[in-house]
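Got the viewer open? Let's take a short walk through this fold, one selection at a time.

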Amino acid sequence: MDKQDTQQDTPQDLRQADARPVLEGPDIARVLTRIAHEIVERAKGADDVVLLGIPTRGVFLAQRLAAKLEQITDRKIPVGSLDITMYRDDLRMHPPRALARTEIPGDGLDGKLVVLVDDVLFSGRTIRAALDALNDLGRPRAVQLAVLVDRGHRELPIRADYVGKNLPTSLRETVKVQLAEEDGRDTVLLGVKQTAQQ
């Protein structure tokens, strides 16, 4: 996931006076618990579920979801990460970026129900790239998508199967997800995108 796809920016890109939390730590924990229960219900027990997080924060969310699924089902849920950098359609428009890790659980993906996990769903281009990357790694039985925040403005016919919070936004607004593993705290901030004139 990156800035173009999600309109997620660093804290200095948000006008601090205008940035407001729309989810805090307890809210994030609560929606992840709900999503975990929804996955178990739809997958009829989650026996063949594999979670793949999209770096960076999607990986942390996938790990948290796996822990909650384990509490519900009493079985270990395979979890990994899926780097989509080389599958993006905007590589030529941006400077080179570092590759993240792709880690596929030992039993592979063939015949599994793969749930892609990301923090913010925006244009849908990151998820398109993830589907292309997934295609090179195996043939899942089905692929679903879980996101913490869906902010709208889709450019491709992609929708999430599991959504923590639907957050209608304008294109001038920016969504910033912060997670304790990367940022020291759990919060989702909504702010106004900083422009050069401001």
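Before the first click, one term: two strands count as paired if DSSP finds at least two bridges between them. Keep in mind, too, that this is a predicted model.

**Stop one: a pair of strands.** Select residues 49-53, which is strand S2, together with residues 113-121, strand S4. These two run in the parallel sense and pair over 5 bridges. Which residue in S4 does leucine 51 stand opposite? Pick valine 115 and you have the partner.

**Stop two: the whole sheet.** Now widen the view to the open sheet of 5 strands, ordered S3-S2-S4-S5-S6, with parallel pairing. Look at S3 (79-81) and S6 (162-166): they stand at the edges, and each has a single partner strand, so one side of each is left without a neighbour in the sheet. From one strand to the next, the twist averages 25 degrees.

**Stop three: the helices on the sheet.** Select residues 25-43 to light up helix H2, which lies across S2, S4, S5 (142-150) and S6. Its direction is at about 150 degrees to S6. Next, try residues 57-73: helix H3 packs on the sheet too, touching S2, S3, S4 and S5. Against S4, the direction of H3 makes about 130 degrees.

**Last stop: valine 192.** Jump to strand S8 (residues 187-192), where you'll find valine 192. Is valine 192 buried or exposed? With 15% relative accessibility, valine 192 counts as buried, because the cut-off for buried is under 20%. Finally, add arginine 172 to the selection: its C-alpha atom is 5.9 Å from that of valine 192, though the two are 20 residues apart along the chain.

How values were computed. Residues are numbered from 1 along each chain as its sequence is written. This is a predicted model: local features need pLDDT of at least 70, side-chain atom pairs count only at pLDDT 80 or more; totals for chains, interfaces and linings use all residues. Side-chain values use heavy atoms; hydrogens and water are left out. Helices (H or I, at least four residues) and strands (E, at least two) are DSSP runs, numbered from the N terminus. Axes are lines fitted to C-alpha atoms, for helices over the stretch in contact, and angles run from 0 to 180 degrees between N-to-C directions. Contact means heavy atoms within 4.5 Å. Buried means under 20% relative accessible area, exposed over 50%, partly exposed in between (1.4 Å probe, protein chains only).
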